[in-house]
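Q: Please take a close look at the open and enclosed spaces in this structure, and at the ligands. What lines them, and which contacts are made?

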Amino acid sequence: MNTGQRVVIGVDSSTQATKAVAVDVESGEVLAEGRAAHTVNGTGGARESDPEQWWSAFTEAVAATGYADRAAAVAVGGQQHGLVALDADGRPVHPALLWNDTRSAPQAAALTERLGRDAWAERTGSVPTAAFTVAKWAWLREHHPEAAARTAAVRLPHDYLTGRLTGSGTTDRGDASGTGWWGEHGYDKEILDLVGLDRALLPEVVEPGRAAGAVRAGSPLPEGIPVAAGTGDNMAAALGLGLEPGLPVVSLGTSGTAYAVTRGRPADRSGTVAGFADASGRWLPLACTLNCTLAVDRIAALLGRDRADVEPGGTAVVLPFLDGERTPDLPYASGLLHGLRHDTTPGQLLQAAYDGAAHALLTALDDVLRHGGEAADDAPILLIGGGARGTAWQDTVRRLSGRAVRIPRAAELVALGAAAQAAGLLTGEEPAAVARRWGTTDGPLLDPLPRDDEALARIADTLLRAGRLFEGPGR
Ligand SMILES: Nc1ncnc2c1ncn2[C@@H]1O[C@H](COP(=O)(O)OP(=O)(O)O)[C@@H](O)[C@H]1O
Ligand SMILES: O=C(CO)[C@@H](O)[C@H](O)COP(=O)(O)O
């Protein structure tokens, strides 16, 4: 063992699992990884998890690295938007309402109507959809008023875990920007009043580069080591990639996301692009879909095929909106198959599911770059998340974007971003600079394929004509 070696732990508490990496601060070598799964409960539009289970998974994944007792600093990246409402003893008053829970769609629509799209985009950077915490809090108040009344603290998933480590209520600008009640100048009192939420229930927003606190007793980590602010998982991945303005990222996981770091503050009144803050003082315009790898894997299973077993050609369109959809904003949608012919093959249907899942992300990419004002038309896409390992996903992104694609060899970029934030506390460097020094984007560059405008047009046309099939109750 190298006794002078400094090790940090970075954690990704995502929808399906917690992943932890132990990283050498100097070289960036990932020394060990740990993982523990979560349960997501709910049918129809409901998606809930037990925050206590996140904490158990956190301790299990961190301990599984084998480096917990040697860690010099730690940070947590977490799934965005989830509502964790705690009572005065720090216990959840209700299971956490996750980012992909669409029951809050009516509340999002009512809130959007109340202030108007322009005001939301101007004040918070985003027009709220069902994903945003503000809509979830409004849903909780409406459907479980007794739980809302008992709430003494409102947290996001990464705030909850950071709070379990430090004993303090903290968040950061990146994750706060996904709530719908935070703007460039802090919490928005008028929006909080609109949803009857007391500012005193919210965590302190820790400045980039500052610590959230120190580890207290009761975790596998050494007492007293610094805990960095942490952030939302997409912001953590941006740190983990050492992202510079103009470089587009597409992440293929439970959610699909397309984003870039920008110097300008985005404000898209159409709502396609969310104007998130990043974790370092810049911005992170981002488009997010609810149906990505899980939906395509489900369709492969229905077809009885391996997920890589795709075939080109045909006229079928699959809109794999198994969970409703957020981009486009169709929370009541379900999956749709159109354009089936006698000669359509199962492999073509599976390819159509990949195309349908990638379509919204890749068409939103230009908007993402434009809304931050730093478009680089021919920059390669950095392709990350579990799906980036699959050749069918890689080829779909190349064919529907017309861009080259780089596949970073580093797999756990959210956890690595959290590790870079923790390392930055020790070395005084910017976390993104730490990640660049670690060479986290190294990996193969795949050439672009000619953009398949025909497939894109076919999907766009089906979406347009499906119209009322995707509408919800009362529309
Ligand atoms: N080799 C692969 N090819 C295609 N998809 C993959 C591959 N390996 C993992 N996946 C997909 O990656 C998903 C998990 O991605 P990940 O980014 O870890 O998820 P999360 O969003 O929960 O962090 C799984 O749903 C799985 O379908
Ligand atoms: O809601 C969003 C982004 O706005 C999602 O990207 C969540 O942050 C969940 O991510 P994963 O579980 O897919 O990592």
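A: A polar contact here is a pair of N or O atoms within 3.5 Å. That cut-off is what the ligand distances below rest on. The model itself is predicted.

Start with ligand 2. It is surrounded by 15 residues, and T15, H81, D233, S255 and R326 are the closest. Among its polar contacts, a polar side-chain atom of T15 sits 2.3 Å from an oxygen atom of ligand 2. The side chain of D233 places an N or O atom 2.7 Å from an oxygen atom of the ligand. For S255, a polar side-chain atom is likewise 2.7 Å from an oxygen atom of ligand 2. On its own, ligand 2 has 380 Å² of accessible area, and the protein covers 93% of it.

Now ligand 1. Here too 15 residues surround the molecule; K19, T254, T293, D297 and G386 are the closest. An N or O atom in the D297 side chain is 2.4 Å from an oxygen atom of ligand 1. T293 brings a polar side-chain atom to 3.0 Å from a ligand 1 oxygen atom. S14 does so at 3.1 Å, again from a polar side-chain atom to an oxygen atom of ligand 1. Ligand 1 taken alone exposes 580 Å², of which the protein buries 75%.

Next, the pockets. The largest pocket holds about 800 Å³ of space. Its lining counts 39 residues, with L252, G253, T254, G385 and G386 nearest the centre. T254 and G386 are thus among the residues nearest the centre of this pocket, and both are also among the closest to ligand 1.

Several elements build that lining. The strands β2 (17-24), β16 (249-252), β17 (256-259) and β19 (283-289) each supply at least two residues. So do the helices α9 (233-240), α10 (293-303) and α13 (413-427). By class, the lining of the largest pocket has 13 nonpolar, 17 polar and 9 charged residues. Where does the largest pocket lie with respect to the domains? Domain 1 (7-235) and domain 2 (242-412 + 442-469) both contribute lining residues, so the pocket lies between them.

The second largest pocket has a volume of about 530 Å³. It is lined by 28 residues; R117, T129, P328, D329 and P331 lie nearest its centre. α2 (105-115) and α11 (346-371) each give at least two residues to this lining. α2 gives the most, with 6 residues. The class split is 14 nonpolar, 9 polar and 5 charged. This second pocket also lies between domain 1 (7-235) and domain 2 (242-412 + 442-469), because both give residues to its lining.

Last, the enclosed spaces. There are 5 cavities of 30 Å³ or more. The largest cavity has a volume of about 80 Å³. It is lined by 13 residues, of which G271, T272, A274, R326 and T327 are the closest to its centre. R326 therefore appears in two places: it is one of the closest residues to the cavity centre and one of the closest to ligand 2.

β19 gives the most to the lining of the largest cavity, with 3 residues. By class, that lining has 7 nonpolar, 5 polar and 1 charged residues. Both domain 1 (7-235) and domain 2 (242-412 + 442-469) supply at least three residues each to the cavity lining.

Note on methods:
Residues numbered from 1 in each chain as written. Chains lettered and ligands numbered in written order. Predicted model: local features only at pLDDT ≥ 70, side-chain atom pairs only at ≥ 80, totals over all residues. Heavy atoms only, no water. 1 Å grid on protein atoms, 1.4 Å probe; cavity = no way out; pocket = protein on both sides within 12 Å on 5 of 7 lines; lining within 4 Å. Points joined across faces, edges and corners; volume = space filled by probe spheres on them. Helix = DSSP H or I, 4+ residues; strand = E, 2+ residues; numbered from the N terminus. Nonpolar A, V, L, I, M, F, W, Y, C, P; charged D, E, K, R; others polar. Domains from an automatic or database assignment. Near = heavy atom within 4 Å. Polar contact = N/O pair within 3.5 Å; in protein donor to acceptor, adjacent residues only side chain to side chain. Areas by Shrake-Rupley, 256 points an atom, 1.4 Å probe, with all protein chains shown as cover.
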